[in-house]
Amino acid sequence: GGRRWQEFLSVPGQAYLEIQSGLARTQAERLPMPGGAVWEWLEGYGLMEVDPKVAHGRDWARARQAVESRLEAMVPRARMDAELAGSAAWADQPPAEMVQQGGGWGALERRRRKVSGDKPFCGPATPFDDASLEPQQAPWLALLEQGAPTGVDPTVEPVGYLVQPEWRERLEQAAGRSGANAWWTWLHLGVMRYWAEEYAGARQAWEASLAACPTPWANRNLAVLAREEGRMEEAAGLYVAACRQRPGLMPLVVECGQFLLDQNRPQEVLELLEVLPEPVRSAGRVKLLEGRAALAVRDFARVERLFTEKLVIDDLREGERSLSHLWFEYHEQRLSAAEGVSVDEALKARVRREHPVPAHLDFRMSND
């Protein structure tokens with residue numbers, strides 16, 4: 001299983017392989033780190049070869065011992081311990097050369113703490129200087145220093161959401177003032193209220209943002225809230241309105257289309273596709289939405305055309321089986337309609353025998 005996935009993630013002629021390790025036992029687990037705690041470790045990378053008959057043998061204890069012995073010969077544990085202990089001498093020193101600055105959120109938090117008189121969170125080893133500040137921090141910096149955001153464009157997607165109580169207090173104060181940027185203030189205030197599970201307050205804030213300036217961002221957030229509160233008809237209208245305001249935003253289109261399909265509204269998905277710009281319209285994830293919607297309205301020819309094209313989903317998730325499922329469901333429903341039979345276990349088994357998934361669409365980890 002997963003052979004196509006290995007090819008998809010690698011260069012031609014090479015299979016993708018990934019080995020993971022971490023403090024927790026699996027990716028599904030996490031270890032909360034207490035505030036003020038310090039965790040240190042040292043990692044070493046290299047090629048180690050062990051007798052495969054031993055490493056892959058049935059004697060697990062012997063296999064472990066063989067690996068441990070080989071590892072100790074190559075990089076003794078004492079050397080690793082000494083390297084880690086020696087790092088204490090330079091770990092908190094200022095960097096001799098700035099190689100990568102990163103985003104400006106650390107610098108913004110440093111500025112906020114300085115204005116508020118709070119204890120600094122960074123030291124010489126992590127400068128977070130003002131050179132790292134970027135345009136996405138500008139409205140927050142203006143809120144901090146001038147009491148209101150400035151220079152925000154409602155046509156530009158907002159990025160960087162903050163939910164700290166310290167920022168909320170400043171936003172609540174700014175929300176009482178009118179101005180050209182009120183939509184931004186109410187939008188972010190709604191996010192903060194939503195995060196605090198104050199859903200009525202979040203709705204009021206996003207509606208105030210819409211009243212100040214109609215944006216797809218507030219419409220989308222109100223759609224999510226309506227969906228979670230079971231107001232599906234309202235959610236559908238808000239989602240479509242948001243997409244029609246910003247049809248070129250791929251994540252919004254996919255989220256809206258998925259919701260409409262989940263609500264058995266495939267015709268609305270097909271209508272939405274007509275207003276999308278070509279780069280979004282031809283994206284693999286949107287093509288998948290089209291295929292599912294076309295299948296739901298029994299437009300088998302349209303689904304078949306998608307399969308004859310090069311259907312590639314760039315953001316395919318590990319183990320995702322959406323393409324193989326669409327393939328099987330297409331053939332099941334096509335045969336059901338052509339032969340007047342129901343889609344039962346016998347038909348499903350027949351489809352899997354007679355219409356195996358093409359290799360370029362088969363990302364399954366198993367045969368289900």
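Good morning. I begin with helix α6, where the cover over the buried residues includes α5 (105-116), α7 (165-175) and α8. Please keep in mind throughout that this is a predicted model. Helix α6 spans residues 138-146, and its buried residues are Pro-139, Trp-140, Leu-141, Ala-142, Leu-143 and Leu-144. After the helix comes Gly-147, which has a positive phi, near 85°.

One residue of α6 deserves a closer look. Beyond its neighbours within four places in sequence, Trp-140 is in contact with Trp-105, Leu-108, Gly-160, Leu-162, Trp-167, Leu-171, Trp-184, His-188 and Met-192. Which residues touch the most other members of the largest nonpolar core? They are Trp-140 and Trp-167, in a core of 56 residues. Helix α8, residues 182-195, gives this core its largest share, 8 residues. Another core lies apart from it and has 21 residues, including Phe-300, Ile-313, Phe-328 and Val-351. As general background, nonpolar side chains in soluble globular proteins tend to be buried together.

Let me now step back to the chain as a whole. The secondary structure comes to 18 helices and 0 strands. The radius of gyration is 27 Å, well over the 21 Å that the globule rule gives for 368 residues, and the chain is therefore more spread out than a compact globule. Along the principal axes, the C-alpha trace spans about 75 × 70 × 35 Å. Of the 368 residues, 34% are buried. Among contacts with a separation of 6 or more, 59% join residues 24 or more positions apart.

I turn next to the aromatic residues. The structure holds 12 aromatic pairs. One of them joins Phe-8 and Phe-363, with ring centres 5.1 Å apart and planes at 85°, so this pair is edge-to-face. Phe-8 belongs to helix α1 (residues 3-8), while Phe-363 is in the segment after α18 (345-354), so the pair ties together parts that are 355 residues apart in sequence. The two partners can also be described by their accessibility: Phe-8 is partly exposed at 24%, and Phe-363 is buried at 4%.

A further pair, Phe-121 with Phe-128, is tilted, at 5.4 Å centre to centre and 35° between the planes. Phe-121 is partly exposed, with a relative accessible area of 37%, and Phe-128 is likewise partly exposed, at 32%. Elsewhere, ring pairs link Phe-300, Phe-307, Trp-327 and Tyr-330 into a cluster. There is also a charge placed over a ring: the charged end of Arg-352 sits over Phe-328, 4.1 Å from the ring centre. Phe-328 was among the members of the core of 21 residues that I mentioned earlier.

Helix α17 offers two residues for comparison. Ser-324 lies in this helix, which covers residues 322-339. Is Ser-324 buried or exposed? Ser-324 is buried, with a relative accessible area of 1%. Outside its neighbours within four places in sequence, Ser-324 contacts Val-357, Leu-361 and Arg-364. Ala-337 is placed in α17 as well, but Ala-337 counts as partly exposed, at 41% relative accessibility. Not counting residues up to four places away in sequence, Ala-337 touches Arg-298 and Phe-300. Phe-300 thereby brings us back to the cluster of linked rings. As for separation, Ala-337 and Val-240 stand 97 residues apart in sequence and 31 Å apart in space, C-alpha to C-alpha.

Finally, the cysteines. How many disulfides does a search of the whole structure find? The search finds 0. A disulfide is a covalent bond between the sulfur atoms of two cysteines. Why is Cys-256 not bonded to Cys-243, the cysteine with the closest sulfur? The two sulfurs are 3.6 Å apart, which is too far for a bond, because a disulfide requires sulfur atoms within 2.5 Å. Cys-256 is buried, with a relative accessible area of 0%. For Cys-213, the closest cysteine sulfur is again in Cys-243, but at 18 Å, too far for a bond. Cys-213 also counts as buried, at 19% relative accessibility, a value just inside the limit of under 20%.

Thank you; I would be glad to take questions.

Note on methods. Residues numbered from 1 in each chain as written. Predicted model: local features only at pLDDT ≥ 70, side-chain atom pairs only at ≥ 80, totals over all residues. Heavy atoms only, no water. Helix = DSSP H or I, 4+ residues; strand = E, 2+ residues; numbered from the N terminus. Buried < 20%, exposed > 50% of the residue type's maximum accessible area, 1.4 Å probe, protein only. Contact = heavy atoms within 4.5 Å. Phe/Tyr/Trp six-rings, centres within 6.5 Å; stacked < 30°, edge-to-face > 60°. Lys NZ or Arg CZ within 6 Å of the ring centre and 35° of its normal. Core = buried A, V, L, I, M, F, W, Y, C linked by side-chain atoms within 4.5 Å. Rg over C-alpha atoms; globule rule 2.2 N^0.38 Å.
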